[in-house]
Structures are given as structure tokens and as C-alpha cells.
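This briefing introduces a protein structure to a reader who has not met it before. Please view the sequence and the model before turning to the notes below.

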Amino acid sequence: MTSSSAQRWRVGLTASVVAAWSIAGLALFTNGGFESGTLTGWTKERFYNPGLTGPVPYGAASIVRMNGGADLTRVVGSTNGGPLSLPDATMGSGADLRLPRFGDYAAVVNENGASNNANTLKQSTIVQASDVDSLDGKVHVRLAFAPVLSDGAHSGDQQAWFFLAIRNKSRGNAVLYQSFAYANQPGVPWKRYGSYTYTDWQVADIAPGNASLAVGDEIELEAIAAGCSQGGHAGWVYVDAFGSFIPGPSVVATAPALVNASSPLTYSVTARNQGTAPLNGGVVKFAVPSGTTFASVADTTACTHAAGVVTCNIGTLPVDALYSTTVTVNVGAVANGTLIAAGNYSIAGTGEPALLGPVVNSTVSTATLVDLAMSVDNGVTGAANGQVLTYAITARNLSSTPVSGANVTATPPATLTNVTWTCAASGGGACGGAGTGPISDTISLAANGTVTYTLSGTVTGLSGTLSMAASIAAPA
């Protein structure tokens, strides 16, 4: 997908120290922050883990469930205890993991669950209009988690592990997000205390776009942790702040899912503050993943590189503000199928410990790769019935390889009537010319070229959010 250009938003400095963040009103999931002090709204399951199956990277299809197991999932924290106030009950204060991450409570799945015990915590919910982020017009699902896995020095399929997934039940259980790691798995920024490997709290931000996740869809979240299949090593995961926003600063990176060997790979890194106070002394760090070398960073004012780590001193990040930049690495002459995992990047600040971003996986491929993108803009922030809206829907080829046979689709909402559209291609590309109603068009894109659709319609019977979904599919 696309990599955005660098941009830096900074507004008025402040001297306040950030130490706690409000967790009220996370929305999306019932009791998403566990602030009731219970597991109200959540469903628990238990099973035995006989070991993982299939190839790396592991995922949902790798999990084998055997009947049995003990319920070791509960809420941890205390009223007015506050964030980061408690140590892990098993490792104690000798390890620097603290909980909950936000508010007074979090949940722990399969706490100290050895003897190949495994637990699941899940919930389904319907996406509401309030879950759409005004910044980009997309539905977001956000959460924080921290795994603790005892390292048995087994093969990966036999180790303790954790798994998180979000599926769209309204669209054939399509997987919107999954995170899987086994104890001491390469590419994960593990810390170690005795035999235990654990990470700082991590954040995930899932926003695949309206074509994959929209208001009215039913989604399911599942969190699983399992002890090793050999029986002697426990695995558990802390989860917190399931909702449409993270109640504090967070950072997320994105990159193409596929990359060629001996070629550049660009990560778009975005930090955001959705807390109730500014983040002071903000620092974003990005460690260059294994199998790559540093090439460049877009923001050369705030960011420096040393010993494989990009450090961006972003200063004060006000409430609702963003900081973004891009980091480009060079992939080495590695074998086809090699997994490039970027999982060691974070945001921190004054009084705010490091919060990791979600792991970004890119697989090395020998295929000819192109980078296609879509954008939709109607130039307005609101609409009224009877108003004629005109959308600019643009397909872009961000690579130097021409593309023939890509398919563009755009589905106007039912409240947009009398829809007509035309299109124009740049640089020798081609498109369908004109039509009415939804767009379904097979196009050709020149290298670094565009195809732009101009779509107009009349707003009729509108009540609530007007949402336009558009997507582009690469040719086979």
C-alpha cells in the first residue's frame, strides 16, 4: 500500500507531565477497558494446546484445540489503582512490566497457564457511526496488549504462544488483523526475566478502509494465550483498551506485504495522541529490522540514525495531533519467502514509558511487485439532502512498473442518487470513459500514473454518515 510523505504537526508547548490517561468512553466493545472490574460483555473459553501446525508465520490455521483445560482468565487491577501501578504477579517487581496500561483495570488471559493450558477471551460487536475516526473517515479498532511467555527452548511449534485476531463476521469472517508470537520468536522486541520472555505494552490500530470494515458490520475480537505443548512452560497475555481509540499516545507503522530482495522497503510511521493531555518530550524510535540496512528517514530535522535505530525527538504532541514520517531500509540479498519483521518501534515521553507499535510483516518475493493506492475526496465536511456532491476518486500506481488489468470499484451510498461518472488517465493509461451508478472498471496505469474518476450524485434521504467506499485490485 501507500507510504505517506513526512509531515509534522506541533502546537503550543506545555509544561504538564503526562502520567495517566482517561479511559472513559472507549466505545465499540462493551467494557472494552475492563473498568467495571469484571469481564462483563466478554466470553471465555478453555482448551489444551498440543502444539502448532503448518508453516511460519503461524496464524489462526496453526492452532489445534483439544478439549479440556482450566479457566485462568481474570481481571487485574484495583479501584483507583491507576495505570502501570502493579507488577506481573508471577515475575514480580524484578521485571519492569506494569499493569494495567490504561485506567484501573486490564484482563489477563491464561494467567500462568502451564501444562499446555490455553484460554480464549472474545467478544462480538456491531460497528457504530461513532467508531468512524474523523481524521480519515475510516472505522478504527484499537487495542493494547503485553504477552508473557516462558521460554522452554523448544522448537517454535512447541513453545508457549499468544494470538490476537479481529474478524469481520459480516464479510465471511474475513481476518482484519492478527498477531501471533511464540516465546523468544525472532523479530519481536522481547525482554527477559529468568525463563520468561515478555514485551512492553504494544498497541494495534486496525483500519482497513470502508471496503473491508464499515458502519453496521459485526466484528469479533479473539485473544488467546497458551502454555507450551510439552507442559512445563506457561504463556499468558494482558489485554486492555479495546475500542475505537487508544486513550493516550500510540504509534503504528505500515509497509507493503511483499518486497523483492535487494530492493528498498519503506515504512510509514505515524504517532498520535488520543489522550486527555499533551505528551511532552515525545520520542519515536524505530529499529531497523533484521535482514535490512538503514537507507533514509524523511524527517531529517527531528530524526537521526545510529547503530540501526532511528530516533525522532518530536517534542510536544498535543491532544488529537499527529506526527508522521517515513523510514526506508534496503532489503538484503535474502532468500525468497524470508519474513522481514519490524516489531521494535515505540513512542515514549515525559512520565510516559515506551509503548510499542504492532509488528509489521513483509515477505520477500520474486514476483514483479507494484504499489497501488486509492484516494476519495468530495471536498466537504458535511452534506444536506438535495445537495449535489462531486467526488474525485483517484487510482495511483506508485511504482515504476506499468499495470494492465487492475480493477477499480467504488460503491456510492444508497442515499446518493442519480450517480454519474467520467474518468481520465494520465501518461498513456486507460479507463472506461463514463458510466452511471457504481464504478466497476478495468484500467491500465502508466508507471507512476493515475486514473481519476469524477463521480457526482444528489443526496437524498440522508440521516447520519455518508460513506463512499472505493478500492483497487491488482491484476492476477
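Is phenylalanine 242 buried or exposed? Phenylalanine 242 is buried, because its relative accessible area is 1% and buried means under 20%. The model discussed here is predicted. The points that follow cover its aromatic pairs, one residue of a loop, its disulfides and two of its sheets.

**Aromatic pairs**

- A search of the whole structure finds 15 aromatic pairs.
- One of these is the pair of tryptophan 42 and phenylalanine 242, whose ring centres are 5.1 Å apart and whose planes make an angle of 50°, a tilted arrangement.
- Distant parts of the chain are linked by this pair: tryptophan 42 belongs to the loop between β1 (7–8) and β2 (43–48), phenylalanine 242 belongs to strand β17 (residues 235–243), and the two are 200 residues apart.
- Tryptophan 42 is buried as well, because its relative accessible area of 9% falls under 20%.
- Tryptophan 201 and tyrosine 238 also form a pair, with ring centres 6.4 Å apart and planes at 50°, so this pair is tilted.
- Because tryptophan 201 lies in the loop between β14 (196–198) and β15 (202–206), while tyrosine 238 lies in strand β17, the pair ties together parts that are 37 residues apart in sequence.
- Both tryptophan 201 and tyrosine 238 are buried.

**Other aromatic arrangements**

- One aromatic cluster is made up of Tyr58, Trp161, Phe163, Phe180 and Tyr182.
- Arginine 101 places its charged end over the ring of phenylalanine 102, at 4.9 Å from the ring centre.

**Isoleucine 246 and its surroundings**

- Isoleucine 246 is located in the loop between β17 and β18 (249–254).
- The relative accessible area of isoleucine 246 is 1%, so this residue is buried.
- Aspartate 205 and isoleucine 246 are separated by 41 residues in sequence, and their C-alpha atoms are 8.5 Å apart in space.
- When neighbours within four places in sequence are left aside, the residues in contact with isoleucine 246 are Phe102, Arg142, Leu143, Ala144, Val203, Ala241, Gln274 and Gly275.
- Phe102 thus appears in two settings: the list of contacts of isoleucine 246 includes Phe102, and the charged end of arginine 101 sits over the ring of phenylalanine 102.

**Disulfides and cysteines**

- The model has two disulfides, and their pattern is 1-2, 3-4 when bonded cysteines are counted along the chain.
- Cysteine 303 is joined to cysteine 312 by a disulfide with an S to S distance of 2.0 Å.
- The link of cysteine 303 and cysteine 312 is right-handed, with 105° about the S-S bond, and both of these cysteines are buried.
- The other disulfide joins cysteine 423 to cysteine 431, with the sulfur atoms 2.1 Å apart.
- For cysteine 423 and cysteine 431, the angle about the S-S bond is 105° and the link is right-handed.
- Cysteine 423 is buried, because its relative accessible area is 15%, whereas cysteine 431, at 23% relative accessibility, counts as partly exposed.
- The limit that matters for these two cysteines is 20% relative accessible area, because buried means under that value.
- Cysteine 228 has a relative accessible area of 0%, so this residue is buried.

**The sheet of five strands**

- Five strands form an open sheet in the order β30-β31-β36-β33-β34, and their pairing is antiparallel.
- At the edges of this sheet are β30 (372–377) and β34 (434–436), each of which pairs on one side only.
- From one strand to the next, the twist averages 15°.
- Within this sheet, strand β31 (residues 388–397) pairs with strand β36 (residues 450–459) in the antiparallel sense over nine bridges.
- Isoleucine 393 has tyrosine 453 in β36 opposite to it.

**The sheet of three strands**

- An open sheet of three strands follows the order β19-β29-β26, with mixed pairing.
- Its edge strands are β19 (258–259) and β26 (339–342), and each pairs on one side only.
- Four bridges connect β26 with strand β29 (residues 360–364), which pair in the antiparallel sense.
- Threonine 363 in β29 is the residue that stands opposite leucine 339.

How values were computed
Residues are numbered from 1 along each chain as its sequence is written. This is a predicted model: local features need pLDDT of at least 70, side-chain atom pairs count only at pLDDT 80 or more; totals for chains, interfaces and linings use all residues. Side-chain values use heavy atoms; hydrogens and water are left out. Two strands pair if DSSP finds at least two bridges between them. Axes are lines fitted to C-alpha atoms, for helices over the stretch in contact, and angles run from 0 to 180 degrees between N-to-C directions. Rings of Phe, Tyr and Trp (its six-membered ring) pair if their centres lie within 6.5 Å; planes under 30 degrees apart count as stacked, over 60 as edge-to-face and the rest as tilted. Buried means under 20% relative accessible area, exposed over 50%, partly exposed in between (1.4 Å probe, protein chains only). A charge sits over a ring if NZ of Lys or CZ of Arg is within 6 Å of the ring centre and within 35 degrees of the ring normal. Contact means heavy atoms within 4.5 Å. A disulfide is a pair of cysteine sulfur atoms within 2.5 Å.
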